[in-house]
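Here is a brief report on strand pairing and chain contact. The structure comes first, then the reading of it.

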Amino acid sequence: MNLGQRFYLREVVAGVALTAGHFFRNMGKHIAHALGRKDARGAVTIQYPEERRPYSPRLRTLHRLVRREDGSPRCVACMMCETVCPARCIYIVATEHPNPEIEKMPERFDIDLGKCVFCGYCVEACPEDAIRMDTGILEFSSYSRLGMIYTKETLLALEPATADGKPTSPVPIPATRTV
Amino acid sequence: MPKLTIDGKEIEVEAGTNLIEAARRLGIEVPHYCYHPGLSIAGQCRLCMVDIEKAPRPTIACNTTAGDGMVVHTDTERVRDTRRSIMEFHLINHPLDCPVCDQAGECWLQIYYMKHGLYDPRMVDEKVHKPKAVPLGPHVMLDAERCILCSRCVRFCDEITGTGELGIFHRGDHSEIGLFPGRDLENNYSANVVDICPVGALTDRDFRFQVRVWYLDTTKSICTGCARGCNVDVHVNRRRPHHAEGRRVARLKPRFNAEVNAWWLCDIGRYHFDFVDAATRLTAPVRRNPGGPADVTWDEAVAGVADALRRYPPEQVAVLASPQMANEDLIALRRVLETRGIREVAFDVPPTALAKDDDFLLRADRTPNRRGATLIGLGGDAGGLMAAARSGRIKCLWVFHHDLLAAGWPAAEVSRALGRIETVIFTGTNANATSERAHWVLPAAAWVEREGTFTNFEGRVQRFRTALEPLGQALPEWELLGRVLVGLGGTAAGRRAEHWFRELTGAVDAFAGMSYQSLGDLGRLVAGATASGLPTPPGQRASAHA
């Protein structure tokens with residue numbers, strides 16, 4: 001530090017000048033924008049949640065279970081996702097499928113999103129392409145741990161997001177949610 | 001004895017040994033499906049091809065007996081090529097539905113495919129479709145598409161059980177395993193075909209879809225279904241408690257012991273583990289007052305039981321031990337009895353229906369340790385004890401495991417006798433009508449939740465090991481008896497089952513010189529016992545083919 005810097009005063013003034021410069025420039029642009037100059041844009045704050053940044057198509061969002069044509073899950077309860085899951089948040093109970101060609105299906109398929117780390121290994125491991133993380137839904141929350149458990153029925157009802165990542169299904173509310 | 005060289009290593013084997021067994025002794029694995037050491041040689045799968053010097057082409061190892069001076073190569077380029085072609089052939093019509101197949105994870109088709117597979121299939125035609133999920137009997141489910149027609153199951157039913165329910169029907173790629181018309185696979189050894197099936201064609205209906213095999217842990221144990229004491233592996237699921245409705249024991253699989261059960265296990269023994277995870281399990285010590293039952297701590301229960309044993313004079317106390325108890329428990333019980341001088345002791349309660357030996361492994365005596373209880377000297381027939389109870393001479397009765405109200409005595413008579421006893425103590429794994437009448441209930445750990453030894457009908461002492469933690473507060477009987485012994489002023493032999501076994505070897509001559517180490521995995525005969533060995537399978541007796 002040289003002598004000038006050690007006095008601080010000059011640095012404080014320089015800092016205030018920088019902040020003030022930005023402030024007045026932005027204010028001018030905002031006023032111009034409000035008065036109809038559409039090409040003038042101020043600071044780039046996105047007004048979430050009214051305004052949203054487009055999501056990347058490869059973003060991992062809330063899981064969904066893919067359906068067959070008859071609406072039953074494509075999942076065959078092979079337990080690959082349950083086995084590979086590092087957070088151990090998937091709970092599958094298998095049962096006999098009425099069609100011996102399919103043979104096996106999940107009786108229960110719960111994901112505890114309170115534990116999920118969104119690593120996407122379940123999607124990678126699935127041999128049937130039965131689980132995907134493409135709903136675009138990120139805003140799920142709950143006041144209780146039980147409310148974070150999403151069941152097979154909830155996950156089956158979800159639809160994929162649009163190309164720019166906008167969710168097409170409403171944020172699901174688990175039936176077990178208490179508050 | 002022929003001396004041969006396999007992959008450059010020399011070995012001398014008995015005449016008549018085939019090349020797969022000779023190689024196994026050198027630690028060299030020759031892949032195979034249809035060959036099973038307990039069955040005849042079929043030569044169906046053609047996978048066990050090896051190169052023998054001076055032979056023009058690869059030869060199957062299972063049907064080639066070792067010859068003197070033979071030079072065998074199991075890993076030449078030509079052998080690997082042959083295996084790859086044969087694997088490709090086996091997989092032409094295989095559905096590759098590993099995700100839904102219960103065998104996945106312990107499937108030899110998967111294992112050998114990873115080792116010897118041709119990863120780029122050349123078949124373009126539609127696969128042949130065959131029946132799926134066909135129940136063959138009470139325990140076995142068939143998926144004909146997955147079958148590679150090794151014929152092990154057919155040979156098992158012909159050569160071991162001699163019942164001959166299964167056959168291979170149709171021709172060419174339409175060949176499939178099936179039942180002869182009007183037959184069901186319902187012999188008492190039916191589930192063994194699931195064990196020997198190298199692929200997922202035959203699966204266990206009881207185990208089907210319950211747990212994936214990679215979640216299971218294996219522990220060496222002994223079957224408690226009858227007095228033979230077949231060696232088994234207990235498979236338990238401790239990692240995914242939401243599977244199989246929370247049942248921890250998933251299945252029993254036979255473990256090879258040439259002297260007892262070889263590779264086999266009967267269905268009665270195999271499915272004799274339901275009680276371990278049943279809702280009737282006792283999980284906490286209970287004191288039953290006139291006001292109703294109340295859970296108590298172990299300290300209170302042990303003090304209460306010791307107090308009851310001390311309060312009554314020894315001739316008013318009777319103990320009904322059980323042949324379900326391990327040797328360690330029985331010696332601990334004997335020490336308790338000796339401390340108080342109790343004489344009225346028996347273990348043999350008449351069953352309601354007399355069971356019979358079957359024609360192979362299953363014994364009429366459906367308890368694992370009657371021989372041990374006899375050797376340790378805990379009396380025998382409980383008839384005299386019951387008569388004494390009816391006469392009102394017995395004031396305190398300690399019952400282990402038995403349900404007296406479901407025994408071969410008239411229930412009303414037993415009920416009256418129990419009513420005249422002031423203090424009934426019950427120790428067992430599961431609640432029953434007798435435990436409902438007991439004033440003290442002490443929960444015992446099931447055999448898979450602890451370690452110990454059983455003595456089978458011929459006097460073979462065999463170890464079983466701990467596969468699970470005890471349910472609730474249940475304790476092994478040797479432990480709770482040791483605590484009661486301390487409560488009576490005695491000293492317990494130790495805090496491990498092994499300490500009690502050492503106590504036993506010092507106290508009972510028949511067990512002298514034994515230790516857990518010397519028992520090993522296959523057990524040891526008590527002094528003076530003669531081994532009867534494995535019975536001849538029904539399918540191999542002269543009368544079977546007459």
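## Strands and contacts in chain B

In this predicted model, strand β7 of chain B, residues 140–142, is joined to β10(B) by 3 bridges, and the two run antiparallel. Within that pairing, Val140(B) has Asp204(B) of β10(B) as its bridge partner.

These strands belong to an open sheet of 3 strands in chain B, ordered β6-β7-β10, with antiparallel pairing. Its edges are β6 (134–135) and β10 (202–204) of chain B, each of which pairs on one side only.

Strands of a sheet pair through backbone hydrogen bonds, and the pairing can be parallel or antiparallel. The parallel kind appears around β18(B), which is joined to β16(B) and to β19(B).

| Pair | Bridges | Direction | Facing residues |
|---|---|---|---|
| β16(B) (317–320) and β18(B) | 4 bridges | parallel | Leu320(B) opposite Val399(B) |
| β18(B) and β19(B) (423–428) | 5 bridges | parallel | Trp398(B) opposite Ile425(B) |

From β18(B) the chain crosses through helix α11 of chain B, residues 411–420, to reach β19(B). This β-α-β crossover is right-handed.

How many residues of β18(B) are buried? The strand spans residues 396–400 of chain B, and 5 of its 5 residues are buried. Both faces are covered. On one side sit Cys396(B), Trp398(B) and Phe400(B). On the other are Leu397(B) and Val399(B).

Chain B also touches chain A. Here 9 residues of chain B are in contact with 16 residues of chain A. The chain B side of this contact divides into 5 nonpolar, 2 polar and 2 charged residues.

Definitions and conventions:
Residues are numbered from 1 along each chain as its sequence is written. Chains are lettered from A and ligands numbered from 1 in the order in which they are written. This is a predicted model: local features need pLDDT of at least 70, side-chain atom pairs count only at pLDDT 80 or more; totals for chains, interfaces and linings use all residues. Two residues are in contact if their C-beta atoms, placed from the backbone, lie within 7 Å. Ala, Val, Leu, Ile, Met, Phe, Trp, Tyr, Cys and Pro count as nonpolar, Asp, Glu, Lys and Arg as charged, and the others, Gly among them, as polar. Two strands pair if DSSP finds at least two bridges between them. A residue is buried if 20 or more other C-beta atoms lie within 10 Å of its own, exposed if 12 or fewer, and partly exposed in between; C-beta atoms are placed from the backbone. A crossover is right-handed if, with the strands pointing away from the viewer, the path from the first strand over the helix to the second runs clockwise.
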